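Good morning, colleagues. I would like to take you through one model, beginning with charge and overall form and ending with a single helix.

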Amino acid sequence: MKIRPNIQSLIPYSTARDEFHGGDISIWLDANESPYDNGVNRYPDPHQKHLKQAIAQLKNVSTDNLFIGNGSDEAIDLCYRIFCEPSLDNVVAISPTYGMYAVAAAINNVEVREVALEMPNYSLSTAKMLAATDENTRLMWICSPNNPTGNSFPLSQIEELLQCFQGMVVVDEAYIDFSSQTTALSLLSRYNNLIVLQTLSKAWGMAGLRLGLAFADKFVAELFDRVKYPYNINVSTQEEVVKRLQSEPHDLHVKEICEQRDYLRQVLPTLSCVEKVFPSDANFLLVRVSNTDDIYAALVRSGIIVRNRNHIKGCESCLRITVGTPQQDEQLLACLKRYSI
Ligand SMILES: *Cc1c(COP(=O)(O)O)cnc(C)c1O
């Protein structure tokens, strides 16, 4: 594993709270905060101790293997900042996939080598992934279940990449709770070049709180913690997430959403404007329709927004439709039905 030399030698910012240990302190005059208690006048815990314990317990991992970011997007950016030398190193990613890997690469001035998934099912060729690497390839991006195609990749293929590729293999499992596939977390103890990303934004229903998880070898998790902004998770988010995890199951509506997804997958193909519905392990469906841009516009006129992927390479003529509540989905179907006549 190759780490950028400046990160290897980095002396991280030491917060006011890092420099004191123990003692029974009641007067905090160390961080230039306001002394007047309004619930948020103090800086958040930079180490997110309570939050980390709650999540590690839920996920059955050690807190040493867990990094918590301001959304997965922070973890994605940190992967570049830790492992990739701008304008020198490169990464390999499947295509089509989640757009943030390429945006974060562009911001960090790192080349992305895209490997097209195989049609007709968007399957993964490990041979092509490996063939796209060279001595400057530092990361491999595998999103599974993949956004926007919805399918997941066999763990055996991910394991093959972990064994054959020397750099970091990042497996983005934002949609894993909707999938019957086993999580790559099961490989964590055996591969120190594995990073698994998960998020509270989808199945956990907390997109507004901005919390992303990265699971990795202790050494890698420590690197993430050293490079992140010291106070990346605010007080309200830390408290709110701990509170919610104590009071309700984290995957409250997952079963309903999966049932509703499977229902839509049955019904959508009966509409004449629908050409194909791709199988999905996630909470959305990739749907190929006739006259894609017209149908998108018709849905908008009905007050329904879906994601138009017509102009994305590999997703031509496709809409990505998030599974809604049963009522919302009936409205979607009614609108598509009107368009089908
Ligand atoms: C939605 C999504 C995320 C979530 O990002 P957050 O910053 O945690 O909200 C991550 N990866 C993929 C592939 C996604 O679709």
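Let us start with the charges. The protein chain carries 40 negative and 31 positive side chains, and the centres of these two sets are 4 Å apart. Please bear in mind throughout that this is a predicted model.

I turn next to the overall form. Measured out along its principal axes, the C-alpha trace spans about 75 × 50 × 30 Å. The radius of gyration of the protein chain is 22 Å, which agrees with the value near 20 Å that a compact globule of 341 residues would have. As for secondary structure, the protein chain contains 11 strands and 11 helices.

How much of the chain is buried? Of the 341 residues, 50% count as buried. The accessible surface amounts to about 16,600 Å², and carbon and sulfur atoms contribute 50% of that surface. Among contacts with a separation of 6 or more, 69% are between residues 24 or more positions apart.

Finally, I would ask you to look at helix 9, which covers residues 254-267. From the first C-alpha to the last, its 14 residues reach 20 Å, close to the 20 Å expected at 1.5 Å a residue. Which residues of helix 9 are buried? They are V254, C258, Q260, R261, L264 and V267. Two elements receive these buried residues of helix 9: they pack against strand 9, residues 284-289, and against helix 11, residues 326-340.

Thank you for your attention.

Terms used
Residues numbered from 1 in each chain as written. Predicted model: local features only at pLDDT ≥ 70, side-chain atom pairs only at ≥ 80, totals over all residues. Heavy atoms only, no water. Helix = DSSP H or I, 4+ residues; strand = E, 2+ residues; numbered from the N terminus. Rg over C-alpha atoms; globule rule 2.2 N^0.38 Å. Buried < 20%, exposed > 50% of the residue type's maximum accessible area, 1.4 Å probe, protein only. Contact = heavy atoms within 4.5 Å. Areas by Shrake-Rupley, 256 points an atom, 1.4 Å probe, with all protein chains shown as cover. Lys, Arg positive; Asp, Glu negative; His and termini not counted. Charge placed at Lys NZ, Arg CZ, Asp CG, Glu CD. Expected span 1.5 Å × (residues − 1).
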